Amino acid sequence: MVKDKNKRRKPKELNIQIGERCRQAREAAGYTQEALAEQIDVSTQFLSDAERGVTGMSISTIIKLCHTLSVSADFILLGQSKDAADSPFSIATRFGHLSRRQQKLVEDGFNLLNKAFFTK
């Protein structure tokens, strides 16, 4: 039996779900596909394929992804998080990915908002 190389396999549902959570975590952390791919040492095309569920990721790639994005493997693999503070969408997690200069700007902005809302 000869396989048709032009025939594409249908993505596995699990790969689609994992890829979607990877995309969500990447976007919440403020990474482009190019920047994240470089950080975890894969090609941008591979990351794009993984996010669309076209291909699966190795365990070592998932570990690098989790470390870089500060998300748990439970979230990436199962869609579960211990609590809201561990969510890749939490403010604390997103703040942690900013440079020190960016963090200072956010702090200054927060202080201005705080002053505007709570001073009479």
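**Salt bridges, a pocket and a helix residue**

With a relative accessibility of 18%, D49 falls in the buried class. In this predicted model, D49 pairs up with R52 in a salt bridge whose closest N and O atoms sit 2.3 Å apart. R52, for its part, is partly exposed, at 45% relative accessible area.

Salt bridges come to seven in total. One of them joins E27 to R23, with 2.6 Å between the closest N and O atoms. These two residues are four apart in helix α1 (residues 13-29), so about one helical turn separates them. Both ends are partly exposed: E27 has a relative accessibility of 44%, and R23 has 25%. The pair also belongs to a wider salt-bridge network that links E20, R23, R26, E27 and E51.

A similar story turns up in helix α7 (residues 100-118), where K104 and D108 lie four residues apart, about one turn of the helix. Their closest N and O atoms are 2.8 Å apart in a salt bridge. K104 is partly exposed at 43%, and so is D108 at 31%.

Then there is K64, found in helix α4 (residues 59-69) and partly exposed at 36%. Beyond its neighbours within four places in sequence, K64 touches I40 and D41. L36 is 28 residues away from K64 in sequence, yet their C-alpha atoms are 10.0 Å apart.

As for pockets, the largest has a volume of about 260 Å³. Ten residues line it, and R9, K10, P11, V54 and T55 are the closest to its centre. The lining is made up of five charged, three polar and two nonpolar residues.

Confidence averages a pLDDT of 85 across the protein, and 83% of the residues score at least 70. Helix α3 (residues 44-51) has the highest mean, 97, while helix α6 (residues 91-96) has the lowest, 72.

Technical notes: Residues numbered from 1 in each chain as written. Predicted model: local features only at pLDDT ≥ 70, side-chain atom pairs only at ≥ 80, totals over all residues. Heavy atoms only, no water. pLDDT = per-residue confidence, 0-100. 1 Å grid on protein atoms, 1.4 Å probe; cavity = no way out; pocket = protein on both sides within 12 Å on 5 of 7 lines; lining within 4 Å. Points joined across faces, edges and corners; volume = space filled by probe spheres on them. Nonpolar A, V, L, I, M, F, W, Y, C, P; charged D, E, K, R; others polar. Buried < 20%, exposed > 50% of the residue type's maximum accessible area, 1.4 Å probe, protein only. Contact = heavy atoms within 4.5 Å. Salt bridge = Lys/Arg side-chain N within 4 Å of Asp/Glu carboxyl O.
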